[in-house]
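Please look over the sequence and the structure below. The report that follows goes from a single residue to the whole chain.

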Amino acid sequence: MSTKDKKKKFSIGKIIKNNAYMLNLIRTAAPGYLTIELLRWVIDAVANFLMNIFLYYYVLNAVQQGQGIKEIIPILVLVFVVAVIQYVYFQITYYCRTVTHPKIVAYIKTMLHKKAAEVELNCFENTDFYDKYVKATEEATGRVFDVLWAFEYTIYCIISAIGSLSLMLTIDPVFIFLAAIPFPLTLIVGKLRNKVEHESDVK
């Protein structure tokens, strides 16, 4: 393995480790909140797949086969029930968020202050160290919630992709190939965007 590959592997591993650490901070500060948030995104992914993809496919397929309204009603009822569950659970998570976020912020700031108390006082006389400490304190909570959102959105995308690919497979496997064509371009654009955002944050 080349030095470049080792560096790349270490970087990816370090990113995963840092993200896992951030998520663990949330779990420690507010037990159960992480599960509540993840479940919301799972429900959203399932609901959006049913309402925006599967429902249209099912209705069009039923019409083409000459089926009546009686055959369509069950899926409409299912979609309605899922939509109600999605709405109710969203209200629950919204309430939990308003109550839990201040606790997470307070926990992180308290942890940072404790760490700062362990540092020798003369370190704070160093301008560079003090600037980094202030910046870390200001950005810590925001970064934690950014990691949480990114993790949740990844779960959402995975579930949505599984649902869409499964449906395309039942229609025609060729659709999977056509859907995969833009994927490399999406990765390249995403990588460039992340690089620009990272450089902007550093500045």
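## Thr-100 in helix H3

Thr-100 is found in helix H3. This is a predicted model. Is Thr-100 buried or exposed? Its relative accessible area is 11%. Buried means under 20%, so Thr-100 counts as buried.

Which residues does Thr-100 touch, leaving out those up to four places away in sequence? They are Ala-30 and Tyr-33.

## Ile-73 and the nonpolar patch

Helix H3 covers residues 69-117, and Ile-73 lies in it too. Ile-73 has 41% relative accessibility. The partly exposed class runs between the buried limit of 20% and the exposed limit of 50%, so Ile-73 is partly exposed.

Ile-73 also helps to make a nonpolar patch on the surface. The patch measures about 1000 Å². Its other members are Ile-69, Leu-76, Val-77, Phe-80, Val-81, Val-84, Ile-85, Tyr-87, Val-88 and Ile-92.

## The whole chain

How many helices and strands does the protein chain have? There are six helices and zero strands. Read from the N terminus, the order is α-α-α-α-α-α.

The protein chain has 203 residues, and 22% of them are buried. Thr-100 is one of the buried residues. The accessible surface of the chain is about 14800 Å². Carbon and sulfur atoms hold 68% of that surface.

Now take the contacts in the chain with a separation of 6 or more. Of these, 78% link residues 24 or more positions apart.

Key
Residues numbered from 1 in each chain as written. Predicted model: local features only at pLDDT ≥ 70, side-chain atom pairs only at ≥ 80, totals over all residues. Heavy atoms only, no water. Patch = residues over 30% accessible without salt bridge, like charges linked within 9 Å, V, L, I, M, F, W, Y side chains within 5 Å. Areas by Shrake-Rupley, 256 points an atom, 1.4 Å probe, with all protein chains shown as cover. Salt bridge = Lys/Arg side-chain N within 4 Å of Asp/Glu carboxyl O. Helix = DSSP H or I, 4+ residues; strand = E, 2+ residues; numbered from the N terminus. Buried < 20%, exposed > 50% of the residue type's maximum accessible area, 1.4 Å probe, protein only. Contact = heavy atoms within 4.5 Å.
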